[in-house]
2 protein chains.
Amino acid sequence: MPGIEHFWAVVPAGGAGTRLWPMSRSASPKFLHDLTGSGRSLLQDTVERLTPLTGDRLLVVTGARHRDRVVEQLPGLKHRRVLGEPSPRDSMAAIGLAAAVIERVDPDAVLGSFAADHVIRGRAVFESAVTLAAEVARDDWLVTVGIAPSEPSTAFGYLRQGAALQSHDGAFVVEQFVEKPSLEVARTYVESGDYRWNAGMFVVRPTVLLDLLAVGHPELAAALRALAADLGRLEELWPTLTRIAIDHAVAEPAAAAGRVACIPADLGWDDVGDWASLAGLLPEPAAGAPRVLGRAQDVLALDSSGLVVAAGGRRVVLVGLHDVVVVDTPDAVLVMPAGQAQRVKDVVAQLRAAGRSDLL
Amino acid sequence: MPGIEHFWAVVPAGGAGTRLWPMSRSASPKFLHDLTGSGRSLLQDTVERLTPLTGDRLLVVTGARHRDRVVEQLPGLKHRRVLGEPSPRDSMAAIGLAAAVIERVDPDAVLGSFAADHVIRGRAVFESAVTLAAEVARDDWLVTVGIAPSEPSTAFGYLRQGAALQSHDGAFVVEQFVEKPSLEVARTYVESGDYRWNAGMFVVRPTVLLDLLAVGHPELAAALRALAADLGRLEELWPTLTRIAIDHAVAEPAAAAGRVACIPADLGWDDVGDWASLAGLLPEPAAGAPRVLGRAQDVLALDSSGLVVAAGGRRVVLVGLHDVVVVDTPDAVLVMPAGQAQRVKDVVAQLRAAGRSDLL
């Protein structure tokens with residue numbers, strides 16, 4: 001079998017991708033879309049990136065309503081490798097269930113959890129970092145990948161890097177996880193050089209993960225192991241699970257207990273958080289033209305810049321506007337300055353308040 | 001019969017309205033659209049405005065391809081009152097044919113020619129001005145309506161107002177017609193106070209119009225009269241007619257010959273030349289909101305201003321952009337700053353060059 005021996009990938013495919021409205025919708029979220037012009041969805045890109053490391057040892061955990069679309073997008077994956085959550089119970093339940101399933105199937109497993117809707121451009125660096133992370137994880141560490149911050153972002157959590165691990169060149173102890181900081185705090189982090197972005201990747205032995213979880217949430221760890229023993233009880237037990245993020249349930253307390261390591265790596269990582277960050281992932285356009293995602297032949301731009309997403313099957317014409325974002329879909333079109341990309345959240349909130357769930 | 005005795009209206013319904021793309025199309029030009037939010041097309045508004053002055057003495061001259069749509073929009077008009085031009089031959093042929101038809105039907109007629117795609121907000125002033133113009137026209141003048149210029153526009157022709165007519169209070173001799181001037185020249189016109197915009201309305205006895213035409217273009221005048229005598233020859237004779245605007249064929253030489261009068265009137269006239277001027281005709285919006293033409297319930301705007309035309313049946317969302325124009329139609333969406341409204345011509349030219357006549 002190819003890849004890293006006994007290495008399993010868990011791909012949580014969830015999240016609404018609200019800031020990528022109107023393309024990302026609750027019925028068709030971000031990970032199902034091609035947002036890079038690669039011709040593949042973010043989910044397909046994620047699985048393709050992992051396959052050399054895992055072979056077919058890969059589980060996708062997604063909402064039950066998205067299961068058919070996920071199976072359809074991943075024809076090479078066995079159907080039973082796609083777990084459908086009856087309802088959203090946050091990342092600990094999703095990754096923890098996969099861990100409990102893998103723990104039973106392969107007692108020597110190391111798992112890596114990788115979001116379905118992130119972009120990683122540095123493929124070779126990614127493979128090296130994950131290979132090293134898997135080695136470190138065999139020594140019972142919870143291993144993360146730390147991204148050198150390019151700016152004092154307030155959109156990501158940070159981790160404070162401590163001493164180098166004696167046993168593994170290139171790995172460090174993580175002294176602390178910190179949640180999304182204020183801009184001021186983020187600046188001090190970046191200046192200090194001691195902090196890295198938490199890209200949300202965890203590499204760990206399933207048993208270690210569940211045992212770390214059992215320290216603070218014994219009932220959740222037990223329920224996940226019970227579920228893995230009998231997936232027929234999913235509908236019954238799932239709604240009873242504690243709703244908590246893996247960062248809070250495991251990563252933060254484990255770091256405090258000195259159980260977390262990190263592999264610093266420049267992966268070319270991007271979480272494609274909003275339209276402005278998406279624009280940065282697309283090829284440089286000709287002078288006077290915007291970047292285009294979708295059908296370039298549908299876009300006519302005179303003396304403009306920014307981003308046009310042509311996904312509505314219609315002609316999009318942009319004249320004399322700079323750093324603007326135009327997203328055209330069959331039932332909605334969004335126009336705004338790239339610098340206000342975060343305000344899409346407000347749009348979605350207003351549509352929700354107006355009862356326009358058909359558009360969300 | 002109601003209205004001004006023996007007064008006939010001629011409504012040339014032509015012109016592509018290129019600068020109002022993507023709403024105005026060659027197959028569905030400007031005059032067929034509701035561009036003011038009145039619930040009626042510009043053509044319907046024009047006919048409704050004229051009916052109190054003319055009763056059913058009204059002829060529409062339009063392209064043969066638009067004839068069915070015109071008839072459909074004007075159910076109160078007898079079908080034979082809509083003349084279909086086999087091909088575009090400019091304004092002299094269109095108005096001249098109507099004049100020749102009316103000359104035969106009503107020897108005492110005075111006709112007024114009014115474009116189908118202009119807006120007039122001052123209804124009472126319009127009726128008074130046309131009533132006076134018709135009286136002056138009975139004395140064999142070619143009578144125009146002169147609009148006090150609100151700015152040194154380079155989009156309109158001007159007329160130089162001369163001495164007051166002794167015979168008719170409120171009417172003046174026109175000394176000269178001038179074509180669209182440069183901005184510099186337009187400024188001197190506006191400062192002098194002697195110039196008015198030529199709104200393209202002509203009130204004149206049909207016989208006077210055709211006789212004035214016959215001075216410089218005897219063959220055209222003769223052909224139009226021959227056609228009126230036998231409309232069965234339309235397909236045969238129409239393509240042989242000289243292509244010339246009524247301004248050049250009649251108004252300019254007649255003014256030089258001292259045969260033109262004008263009625264200065266503040267009509268609230270607008271030729272709806274482009275999206276920016278259209279925006280000015282729509283009701284003042286709430287603070288932070290753009291003006292909306294079309295379905296207001298389809299528009300969601302946060303902290304924005306300008307114009308949204310919601311004619312695509314989709315949700316249009318505008319965030320944080322000011323003085324912007326967004327025109328949404330079923331097969332094309334246009335986004336640009338209001339200040340660059342004239343550049344729509346360039347868009348249409350590029351689409352034409354690209355062979356996208358389906359969008360024009």
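## Two chains, shared sheets

In strand E14(A), Leu293(A) has Val309(A) as its bridge partner. That's a handy place to start looking around this predicted model. The pairing belongs to E12(A) and strand E14 (residues 306-310) of chain A, which run parallel and are held by four bridges.

Now zoom out from that pair. E12(A) and E14(A) are part of an open sheet of six strands, and if you walk across the sheet you meet E12(A), E14(A), E16(A), E17(A), E15(B) and E13(B), in that order. The pairing in this sheet is mixed. At the edges stand strand E12 (291-294) of chain A and strand E13 (299-302) of chain B; each has a single partner strand, so one side of each is left without a neighbour in the sheet. Neighbouring strands are turned by 10° against each other on average, direction ignored.

So where does the walk pass from one chain to the other? E17(A) is followed by E15(B) in the strand order. Four bridges connect E17(A) with strand E15 (residues 315-319) of chain B, and these two strands are parallel. If you want a residue pair to click on, try Leu334(A), whose bridge partner in E15(B) is Val317(B).

There's a helix to add to this picture. H11(A) lies across E17 of chain A together with E13 and E15 of chain B, and it runs at about 135° to E13(B).

Next, look at the other sheet that draws on both chains. Here six strands line up as E13(A), E15(A), E17(B), E16(B), E14(B) and E12(B), again in an open sheet with mixed pairing. The edge strands are strand E13 (299-302) of chain A and strand E12 (291-294) of chain B, each of which pairs on one side only. From one strand to the next, the twist averages 10°. Helix H11 (residues 344-353) of chain B packs on this sheet, where it touches E13 and strand E15 (315-319) of chain A as well as strand E17 (332-337) of chain B. The direction of H11(B) makes about 135° with that of E13(A). Over at the chain B end of the strand order, E12(B) is joined to strand E14 (residues 306-310) of chain B by four bridges, with the two strands parallel. Within that pairing, Leu293(B) sits opposite Val309(B).

With both sheets in view, how many residues of each chain are in contact with the other chain? There are 32 from chain A and 32 from chain B. The area buried between the chains is about 2700 Å², and carbon and sulfur atoms give 63% of that. Three residues, Arg314(A), Arg315(A) and Val335(A), supply 25% of the area that chain A buries against chain B, more than any other three residues.

What about polar links between the chains? The tally between chain A and chain B is four salt bridges, and 16 residue pairs are in polar contact, counting pairs with both residues at pLDDT 80 or more. In one salt bridge, the side chains of Asp303(A) and Arg343(B) meet at 3.5 Å, N to O.

Which elements of chain A supply this contact side? E13, E15, strand E16 (324-328), strand E17 (332-337) and helix H11 (344-353) each supply at least two residues. E17(A) gives the most, with six residues. By class, the chain A side has 20 nonpolar, four polar and eight charged residues.

Salt bridges turn up elsewhere too. Over all chains, a search of the whole structure finds 40 of them. Take Arg123(A) and Glu48(A), which form a salt bridge with their closest N and O atoms 3.6 Å apart. This pair links distant parts of the chain, with Arg123(A) in helix H4 and Glu48(A) in helix H1 of chain A, 75 residues apart.

Finally, a few backbone details. Most residues other than glycine have a negative phi, and most peptide bonds are trans. Against that background, Trp21(A) and Pro22(A) are joined by a cis peptide bond, with omega about 10°. Pro22(A) is found in the loop between strand E1 (7-13) and helix H1 (42-54) of chain A. In chain B, a cis peptide bond joins Trp21(B) and Pro22(B), with omega about 10°, and Pro22(B) lies in the loop between strand E1 (7-13) and helix H1 (42-54) of that chain. Asp140(A) has a positive phi, near 70°, and its place is the loop between helix H4 (123-137) and strand E6 (142-147) of chain A.

Definitions and conventions: Residues are numbered from 1 along each chain as its sequence is written. Chains are lettered from A and ligands numbered from 1 in the order in which they are written. Side-chain values use heavy atoms; hydrogens and water are left out. Two strands pair if DSSP finds at least two bridges between them. Axes are lines fitted to C-alpha atoms, for helices over the stretch in contact, and angles run from 0 to 180 degrees between N-to-C directions. Contact means heavy atoms within 4.5 Å. Buried area is the accessible area (1.4 Å probe) that two parts lose on being put together, summed over both. A polar contact is a pair of N or O atoms within 3.5 Å; within protein, one must be able to donate a hydrogen and the other to accept it, and residues adjacent in sequence count only if both atoms are side-chain atoms. Ala, Val, Leu, Ile, Met, Phe, Trp, Tyr, Cys and Pro count as nonpolar, Asp, Glu, Lys and Arg as charged, and the others, Gly among them, as polar.
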